[in-house]
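Welcome! Here are some short exercises, each followed by a worked solution, so have the structure open as you go.

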Amino acid sequence: MILDSKIPEGPIEKKWTKHKFDGSLVNPSNKRKFDIIVVGTGLAGGSAAATLAELGYKVKSFCIQDSPRRAHSIAAQGGINAAKNYQNDGDSVYRLFYDTVKGGDYRAREANVYRLAEVSANIIDQCTAQGVPFAREYSGYLANRSFGGAQVSRTFYARGQTGQQLLIGAYQALSRQIGLGNVELFCRHEMLDLVTIDGHARGIVTRNLLNGELATHAAHAVLLCTGGYSNVFNLSTNGMGSNVTASWRCHKRGAGFANPCFTQIHPTCLPQSGPHQSKLTLMSESLRNDGRIWVPKNKDEKRPANQIPEEDRDYYLERIYPAFGNLVPRDVASRAAKRMCDDGYGVNETGLAVYLDFKSAIERMGHAAVEKKYGNLFEMYEQITGDNPYETPMMIYPAVHYTMGGVWVDYNLMTSVPGLFALGEANFSDHGANRLGASALMQGLADGYFVIPNTIGNYLADFLNVEVDASAPEFEETLKNVQDFTERLLNVNGDKTPQFFHRELGKIMWEYCGMSRTLEGLNKAIDMIQELRKDFWEQVRVPGDCKDINQALEQAGRISDFIELGELMCKDALNREESCGGHFREEYQTENNEALRNDEDYSYTAVWEFKGLDKEHELHKEPLTFDYVKLAQRNYK
Amino acid sequence: MKLTLKIWRQKNAKDAGGFKSYKLDDISEHSSFLEMLDTLNQQIMNSGDEPIVFESDCREGICGVCGLVINGVPHGPGRGTTCQLHMRSFKDGDEITIEPWRADAFPIMKDLMVDRSAFDRIIQSGGYISVNTGSARDANEKLIPQKDIEKAFDGAQCIGCGACVAACKNASANLFTAAKVSHLVVLPQGKVERSERVINMVEQHDKEGFGSCSNQTECEAVCPVGVTVSNISRMNREYARAKVKNFFNATRGGDKCKK
């Protein structure tokens with residue numbers, strides 16, 4: 001595997017402009033000669049499919065949901081960053097770039113991040129033009145809020161449903177292209193394999209989830225916009241259907257998988273209520289703007305939270321990090337909560353929760369203003385827990401939320417398989433070891449609206465008038481491969497449900513590859529996962545057949561991939577003998593329990609090459625250089 | 001909690017289907033309604049049978065994919081989606097009836113899963129603002145009064161779940177269609193295409209086999225996000241406006257507002 005990041009020459013602020021100029025173009029009348037497959041219809045996939053179709057490419061769009069509008073981007077609450085500097089508070093493209101590299105604990109590519117910051121402002125313009133109802137001031141100007149990891153107000157939002165509104169914008173743009181006949185839409189279709197011919201991605205194999213029919217689709221390029229892999233932990237804030245299957249199967253066809261151990265734990269989620277728990281619910285991080293996080297000073301505090309006086313409360317984030325207070329980055333806030341609970345200060349029946357309190361915000365801003373800003377989040381909290389956050393503090397605990405790692409891509413968003421691209425959370429590129437709040441929406445839309453339309457031509461230009469069709473033998477072979485796999489799953493005929501294995505895997509991952517990791521724990525986890533994989537293929541029972549709607553079969557296939565990925569995540573975490581961002585190795589920490597990076601030895605992206613199921617992955621390293629952002633220990637004090 | 005569940009089972013779109021009874025013994029009141037069904041499915045699978053097909057994804061009330069008629073009410077008791085319903089809303093020993101959405105335009109695919117692609121086709125017929133990526137001007141160039149943004153949002157927040165259709169005796173999707181028409185028409189950037197949009201969307205709505213509105217507001221009562229029927233009034237005004245405009249345009253020999 002050769003890793004060429006294709007970062008353009010020149011000063012960082014000129015790279016993207018230069019790259020767009022230097023790249024090959026496909027002239028408008030030739031664009032219709034190219035077929036492009038876009039897998040996934042979230043912010044990245046929806047925006048990419050719509051924009052490529054607007055340009056004239058022939059697009060096929062696939063999603064597993066019943067409608068493109070249901071992709072999990074919809075659940076993002078808080079907002080989207082953009083370097084507009086509407087607030088005149090010192091923001092700039094450079095500052096957004098700087099904050100993102102620093103927030104990512106210096107494990108992201110500078111050039112990619114700069115480009116992200118550069119196009120961020122265009123996203124807000126585009127979405128506004130589509131009718132996204134971003135919050136406005138009384139004057140009619142756009143409003144902003146601040147978010148963790150930043151000292152400026154650059155986050156645009158639409159009540160607490162920013163992801164939903166942005167997704168509906170992209171969905172509407174996509175729907176327009178479907179209506180015009182420029183995009184062919186395949187809902188309830190799951191991509192189960194990638195077809196490669198002479199090393200190039202030339203199509204996919206899909207299963208129609210309504211009737212089990214397997215089919216092949218050919219194209220000049222395939223775009224993976226299939227999101228992240230947080231559900232490897234079983235319990236996460238991802239949707240029930242979010243999975244790694246499309247990415248993982250591409251990985252097994254030659255796409256390098258980068259930094260799989262970089263996962264983000266979100267600090268403000270609802271604590272677990274019992275063993276029936278099927279997923280975790282996130283409360284927007286924007287709550288940390290006005291909410292104050294605390295635990296009782298007294299370990300055996302028995303009073304209800306709203307009766308504990310100020311002097312008996314420990315606002316530990318404000319105490320330890322006076323400069324950033326409750327707005328420290330996510331990883332810092334999450335680990336601090338865990339430390340408090342590990343030390344015995346946790347609340348809730350489980351002892352695994354901390355308080356998030358709006359008492360002083362309500363005193364300062366008034367009930368009405370708090371309701372206006374956070375009303376729907378408070379309502380959601382009350383609906384789930386039965387508690388009213390206006391009267392008693394919320395209880396929160398960290399949960400897995402986002403995966404910074406993903407399919408390796410170069411500056412053009414192309415993976416190590418030519419013709420296969422990865423966008424949005426599915427790729428690894430922009431967030432380093434930790435993503436800042438309100439940056440996921442930004443990256444998904446940047447990739448789809450503004451990056452891929454400008455980089456894909458450079459690849460396609462070489463294949464003008466090259467026909468691709470699904471009659472090549474590789475298509476039949478790949479389809480047969482999927483068929484065999486499906487039959488294998490159905491024929492194990494064991495006595496355990498797929499869900500059983502998912503729960504087991506989740507427990508291992510959370511315990512040993514979650515918020516903090518150790519050499520010993522990771523080694524143990526690898527053994528346990530290998531054992532689990534063996535058990536899975538001997539004991540799983542998938543009822544029903546493959547020619548019908550079969551949710552257990554869908555689930556079983558996805559879990560088998562999660563098990564394989566889980567093992568690689570542990571190996572990646574084991575390899576990285578440092579702590580950075582979301583990856584915290586207990587052996588490597590500062591006196592203040594902060595992540596201790598080792599820039600000398602680990603300033604690289606770890607890219608893993610699949611060598612066969614029972615063979616070791618091969619590690620490739622893409623060195624990271626920092627010419628603009630000064631490497632420093634992150635310090636949010 | 002102990003529960004008796006009467007659940008609609010239907011093999012496929014052609015099968016007649018029918019209710020089947022299940023018993024559950026040990027359900028926590030903190031469990032969500034869908035987690036209760038997860039538990040039932042594990043129980044069914046452990047006994048070697050095929051689990052009940054139902055849909056869910058975000059389980060946070062925003063994706064709109066879950067949707068069950070519980071004891072005759074879409075999304076069951078209380079405000080919110082099925083996934084936001086918790087077992088504390090029921091009593092120990094309750095019998096609960098669970099059915100899919102029922103409407104001609106939402107054919108049942110299997111058990112509790114229906115096909116709502118008709119909603120997508122309504123949006124494809126015109127539920128958007130025609131702006132290509134790259135054409136947009138600065139977002140602050142056009143000022144939009146806060147009250148207009150709020151009004152737009154009231155429509156834009158529709159999650160496309162289809163409870164409005166399931167609750168309506170005519171199986172009308174007027175609330176869904178009106179929410180989108182309103183979202184876009186109250187914004188200045190959405191006014192340019194207002195006439196074509198409303199006519200195309202309303203016609204697509206009718207073509208899909210959804211019924212008409214007879215102003216009983218059952219839809220508003222079950223909408224999990226609180227979309228109000230005032231949006232339907234706005235859509236009707238918009239539709240009348242567009243039709244009148246068409247009429248006068250036609251008498252003057254101008255183009256009709258329809259693609």
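**Exercise 1.** Work out how H1(A) and H5(A) are oriented relative to each other in this predicted model.

*Solution.* Begin with the geometry: helix H1 (residues 12-22) of chain A packs against H5(A) at an angle of about 80 degrees, and their axes are 9 Å apart. Angles of 65 to 115 degrees count as roughly perpendicular. H1(A) and H5(A) are therefore roughly perpendicular to each other. Next, find the residues that touch. H1(A) brings Ile12(A), Glu13(A), Lys15(A), Trp16(A) and Thr17(A), while H5(A) brings Glu110(A), Ala111(A), Tyr114(A), Arg115(A), Glu118(A) and Val119(A). Sorted by class, this contact has five nonpolar, one polar and five charged residues.

**Exercise 2.** Do the same for H5(B) and H8(B): what is the angle at which they pack, and which residues meet?

*Solution.* Helix H5 (residues 174-185) of chain B meets helix H8 (residues 230-251) of chain B at about 70 degrees, with the axes 8 Å apart. This pair is therefore roughly perpendicular as well. On the H5(B) side, look for Asn174(B), Leu175(B), Thr177(B), Ala178(B), Ala179(B), Val181(B), Ser182(B) and Val185(B); on the H8(B) side, for Asn231(B), Ile232(B), Arg234(B), Met235(B) and Glu238(B). The classes here are seven nonpolar, four polar and two charged residues.

**Exercise 3.** Find what the salt bridge between Asp35(A) and Lys58(A) ties together.

*Solution.* First, a general idea: side chains of opposite charge can pair when their charged atoms come close. For Asp35(A) and Lys58(A), the N to O distance is 3.7 Å, and the cut-off for a salt bridge is 4 Å. Now place the two residues. Asp35(A) sits in strand S1 (residues 35-39) of chain A and Lys58(A) in strand S2 (residues 58-62) of chain A, so their pairing ties together parts 23 residues apart in sequence. Over all chains, the structure holds 59 salt bridges.

**Exercise 4.** Describe how chain A and chain B meet, starting with how many residues of each are in contact.

*Solution.* Step one is the count: 76 residues of chain A are in contact with 75 residues of chain B. Step two is the area: the chains bury about 6,200 Å² between them, 49% of it on carbon and sulfur atoms. In chain A, Arg70(A), Arg136(A) and Arg159(A) lose the most area to chain B, together 11% of what that side buries.

Step three is the pairing. Seven salt bridges are counted between chain A and chain B. One of them joins Arg159(A) to Glu150(B), with the closest N and O atoms 2.8 Å apart. There are also 45 residue pairs in polar contact between the chains.

Step four is where the chain A side comes from. H6(A) supplies the largest share, nine residues. By class, the side of chain A that touches chain B has 27 nonpolar, 33 polar and 16 charged residues.

Methods
Residues numbered from 1 in each chain as written. Chains lettered and ligands numbered in written order. Heavy atoms only, no water. Contact = heavy atoms within 4.5 Å. Buried area = accessible area lost by both parts, 1.4 Å probe. Salt bridge = Lys/Arg side-chain N within 4 Å of Asp/Glu carboxyl O. Polar contact = N/O pair within 3.5 Å; in protein donor to acceptor, adjacent residues only side chain to side chain. Helix = DSSP H or I, 4+ residues; strand = E, 2+ residues; numbered from the N terminus. Nonpolar A, V, L, I, M, F, W, Y, C, P; charged D, E, K, R; others polar. Axes fitted to C-alpha atoms, helices over the stretch in contact; angles between N-to-C directions. Parallel < 35°, antiparallel > 145°, perpendicular 65-115°, else oblique.
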